[in-house]
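Hi everyone, thanks for having me. I'll put the structure up, and then we'll walk through a few parts of it together.

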Amino acid sequence: MKRVRITISPPDEYLPPVYRLLTREASYLSYVRIVNWNVADPPAGFLLWVRGDYRRLGRALEDGANVRDAELFPNGEDEAYCFLAADRSTPARLLFENFTRENVLTIPPIQCHDDGSSTFTLVGTDGAIQAAIEGVPEGVDVTVEAVGTGPVVEDTVVGTLSARQREAARVALAVGYFDTPRGATIEDVANELDCATSTAAEHLQKAESRVFSMLFEQ
């Protein structure tokens, strides 16, 4: 048996409206995790754990394009569990079912990132996991984060960041953005990332917010 932790980055057509809402559009959430799910029959059922302005999320879900039902269960001022029943698009169904094949288990939670990507751990036989990774549809990027026979689930703060957030933080550290006195500007970081200054600033801001939230469990 093997454990493999992967990140998948699907194009827009694989992202149902409610998933785009939870990741790319809900900037008021610091992170989203899928802690359990049932996709045997439509609609698909999901139990989410969200941190941030969950009340605003509740209002947005009321008009969600593919949402059948949604209910929030608050767990403090800025955390809540969310039950969600949603219709799945054909591309999203095909992508998800690829990781529910024989001899493969997906271990929760699934970490949902604000760029639409998601990170999770697979457990199964070598051949079944390899087949699942190779079976990812064309156009969906797959990054293998860790491989081993021991635990490879998210156990570090860095593991909660999206790939772009990690890259932005790595580049910022390398060019001296976090030095005292500061040795680089946000423009320098943007140049290294080959993106707009506003995009670099957004990636860094979200990375810093998530790191400090996880460190102090806020």
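Let me start with a question: on the other side of α6, are N191 and E192 buried or exposed? Keep in mind that what you see is a predicted model.

Okay, so find helix α6, residues 186-193. Its buried residues are I186, V189, A190 and L193. Look down the axis of α6 and those buried residues fall within an arc of 100°, so they line one face of the helix. And here's the reply to my question: N191 and E192, on the other side of α6, are exposed. If you're wondering about the spacing, an α-helix has 3.6 residues a turn, so residues three or four places apart point the same way. Right after α6 comes D194, and its phi is positive, near 60°.

Now try helix α1, residues 17-25. Which residues are buried in α1? They are V18, Y19, L21, L22 and T23. Down the axis of α1, the buried ones fall within an arc of 165°, so here too they line one face of the helix.

Let's move on to the sheet. It's an open sheet of eight strands, and the order is β4-β5-β3-β2-β6-β7-β1-β8, with antiparallel pairing. At the edges you have β4 (67-74) and β8 (141-148), each pairing on one side only. From one strand to the next, the twist averages 25°. As a reminder, strands of a sheet pair through backbone hydrogen bonds, either parallel or antiparallel.

Zoom in on one pair: β3, residues 44-52, and β5, residues 79-86, run antiparallel and share eight bridges. Within that pair, V50 stands opposite A80 in β5.

There's a helix across the sheet as well. That's α4, residues 126-134, and it lies across β1 (2-9), β6 (104-112), β7 (118-124) and β8. Its direction is at about 5° to β1.

Last stop, the inside. How many cavities of 30 Å³ or more does a search of the whole structure find? Just one. The volume of this largest cavity is about 470 Å³. It's lined by 27 residues, and P16, Y19, I34, F46 and F96 lie nearest its centre. You've met Y19 already, as one of the buried residues of α1. Each of α1, β3, β5, α3 (90-97), β6 and β7 supplies at least two residues of that lining. Which of them gives the most? That's α3, with four residues.

That's my tour, so over to you!

Definitions and conventions
Residues are numbered from 1 along each chain as its sequence is written. This is a predicted model: local features need pLDDT of at least 70, side-chain atom pairs count only at pLDDT 80 or more; totals for chains, interfaces and linings use all residues. Side-chain values use heavy atoms; hydrogens and water are left out. Two strands pair if DSSP finds at least two bridges between them. Axes are lines fitted to C-alpha atoms, for helices over the stretch in contact, and angles run from 0 to 180 degrees between N-to-C directions. Contact means heavy atoms within 4.5 Å. Buried means under 20% relative accessible area, exposed over 50%, partly exposed in between (1.4 Å probe, protein chains only). The arc is that of the directions from the helix axis to the C-beta atoms. On a 1 Å grid over the protein atoms alone, a cavity is a set of points where a 1.4 Å probe fits but cannot get out, and a pocket is an open set with protein on both sides within 12 Å along at least five of seven lines; lining residues have an atom within 4 Å of a point. Grid points are joined across faces, edges and corners, and a volume is the space filled by probe spheres set on the points.
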